[in-house]
Amino acid sequence: MRFSYHTHTQYCDGKATAAEMAAAAAAAGYSYLGFTSHAPLPFKTSWNMAWEDMDAYASEVRAAAAAWRGRGLAVFLGLEIDYIASADAAPAAWPGAAAYDRIAPDFRLGSVHFLTGLADDEFTVDEAASDFERHMAGLGGDAEAVWTQYYRNLSAMVGRGGFDILGHFDLVKKNNAGNRWFDEGGAAYLAAAYEAVDFAAERGCVAEINTGGLARGKISDVYPSAPILRRMNQAGLRLTLGDDAHAPEHLGAFQGAAIAAAAAAGYRSLWYMDAPGSWKEIGIDEL
Ligand SMILES: [Zn+2]
Ligand SMILES: [Zn+2]
């Protein structure tokens, strides 16, 4: 069985319509496909959907769901929603915000991309390498400030809840090919990641194995890395799959790599959503 709950469209930075993505998923033998365009934020970016487009996005995804109903592919309407910390007690954005209720999403994917207070301009962990380089120079190369805040934000998002799937757990490594800025095997880095893993497991989260970095040729590995996956397995954290597809050819291209990574970490089963809020377990051998 094939499934993914991380699919972008042209309403954000995706390259294809919901209809095109759903058709590609059906052709690739998917049973379940969840759409997660980047949700609108209190400020504009070049990759988040605009507030005024949210209804049209929802209609397109619902139309794709109707088109495939009874034909072997269940399509779900979701959003990839940022958790953004702020100096105030309340975050600047978070997955459970009522502003997203308007389209009654079937599920919400909670993700941390933004860092706050470390630069004067927009700073995301997955930004272009040149921007990341400039931001790191501004921090005097202090990568610990980056991953410390990243995992702190991730845990704050978990603590606040309001999402169904935890997105790309160690996205902070995206610009760190070859351990350029920090040692991903370092004790302090792994301790920060493991603390977030243990908390997510305690809260009963479902996290995704995300192959978007592989599909787009940005990194040579899945999110999360092998040591973090092993910790997830020990902690009993449930896993699902997310292609993070921005184009039809990303669908399913690396599901084998994701499943192999889970198996290598000791996982014997993964989880899929067969209806909003309903998780089912499936043996890795059956995938
Ligand atoms: Zn993301
Ligand atoms: Zn995404």
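**View 1. Helix H1 and what its buried residues pack against.** In this predicted model, the buried residues of H1 pack against E2, H2 and E3. Those buried residues are Ala18, Met21, Ala22 and Ala25. Looking down the axis of H1, they fall within an arc of 100°, so they line one face of the helix. An α-helix has 3.6 residues a turn, so residues three or four places apart point the same way. Just after H1 comes Gly29, with a positive phi of about 85°.

**View 2. Helix H2, its length and its buried side.** H2 runs over residues 54-68, and its 15 residues should span 21 Å at 1.5 Å a residue; the end C-alpha atoms are 22 Å apart, which agrees. Buried here are Met54, Tyr57, Ala58, Val61, Ala64, Ala65 and Trp68. Around the axis they cover an arc of only 125°, so they sit on the same side of H2. The cover over these residues includes H1, strand E2 (30-38) and E3. Gly70, just after H2, has a positive phi of about 80°.

**View 3. The zinc ion (ligand 2) and its four protein donors.** Which residues hold this ion? His6 and His8 each donate through NE2, Glu80 through OE and Asp244 through OD, at 2.1 to 2.4 Å from the zinc ion (ligand 2). Don't expect a neat polyhedron: the angles among the four donor atoms run from 79 to 167°, and the site is irregular. For reference, ideal angles at a metal are 109.5 degrees for four tetrahedral donors. Along the sequence, the donor residues are spaced H-x1-H-x71-E-x163-D. His8 lies in the loop between strand E1 (2-4) and helix H1 (18-27), while Glu80 belongs to strand E3 (residues 74-82), so the pair ties together parts that are 72 residues apart in sequence. Are His8 and Glu80 buried or exposed? Both are buried.

**View 4. The zinc ion (ligand 1) and the residue it shares with its neighbour.** For the zinc ion (ligand 1), the protein donors are Glu80 (OE), His113 (NE2) and His168 (NE2), at 2.1 to 2.2 Å. Their spacing along the chain reads E-x32-H-x54-H. How far apart are the zinc ion (ligand 1) and the zinc ion (ligand 2)? The two ions are 3.4 Å apart, and Glu80 coordinates both. Distant parts of the chain are linked by the pair His113 and His168: His113 is in the loop between strand E4 (107-111) and strand E5 (114-115), and His168 in the loop between E7 and H5, 55 residues apart. His113 is buried, with a relative accessible area of 2%, and His168 also counts as buried, at 2% relative accessibility.

**View 5. Lys173 and its contacts.** Here's a lysine that is buried: the relative accessible area of Lys173 is 4%, against a cut-off of under 20% for buried. Lys173 sits in the loop between strand E7 (165-166) and helix H5 (187-202). Leaving out residues up to four places away in sequence, Lys173 touches Phe182, Glu184, Ile219, Asp221, Val222, Tyr223, Pro224 and Ser225.

**View 6. Aromatic rings, stacked and edge-to-face.** The count of aromatic pairs comes to 18. One of them joins Tyr32 and Phe76, which are stacked, with 6.3 Å centre to centre and 5° between the planes. Tyr32 is in strand E2 and Phe76 in strand E3, so the pair ties together parts that are 44 residues apart in sequence. Tyr32 and Phe76 are both buried. In Phe123 and Phe132, the ring centres are 6.1 Å apart and the planes lie at 65°, so this pair is edge-to-face; the cut-off for that label is over 60 degrees. Phe123 and Phe132 are buried too. Back with the stacked pair, Tyr32 and Phe76 belong to one aromatic cluster, along with Phe3, Tyr5, Phe107, Tyr272 and Trp279.

**View 7. Asp131 in helix H3.** Asp131 is found in helix H3 (residues 129-138). With a relative accessible area of 28%, Asp131 is partly exposed. How far is Asp131 from Gly252, going by C-alpha atoms? Their separation is 30 Å, and the two residues are 121 residues apart along the chain.

Notes:
Residues are numbered from 1 along each chain as its sequence is written. Chains are lettered from A and ligands numbered from 1 in the order in which they are written. This is a predicted model: local features need pLDDT of at least 70, side-chain atom pairs count only at pLDDT 80 or more; totals for chains, interfaces and linings use all residues. Side-chain values use heavy atoms; hydrogens and water are left out. Donors are N, O and S atoms within 2.8 Å of the metal (3.2 Å for Na, K and Ca); water is not among the atoms, so sites may look incomplete. Four donors count as tetrahedral if all angles lie between 85 and 135 degrees; four count as square planar and six as octahedral if opposite donors are over 155 degrees apart and all others between 65 and 115; anything else is irregular. Helices (H or I, at least four residues) and strands (E, at least two) are DSSP runs, numbered from the N terminus. Buried means under 20% relative accessible area, exposed over 50%, partly exposed in between (1.4 Å probe, protein chains only). Contact means heavy atoms within 4.5 Å. The expected span of a helix is 1.5 Å times one less than its number of residues. The arc is that of the directions from the helix axis to the C-beta atoms. Rings of Phe, Tyr and Trp (its six-membered ring) pair if their centres lie within 6.5 Å; planes under 30 degrees apart count as stacked, over 60 as edge-to-face and the rest as tilted.
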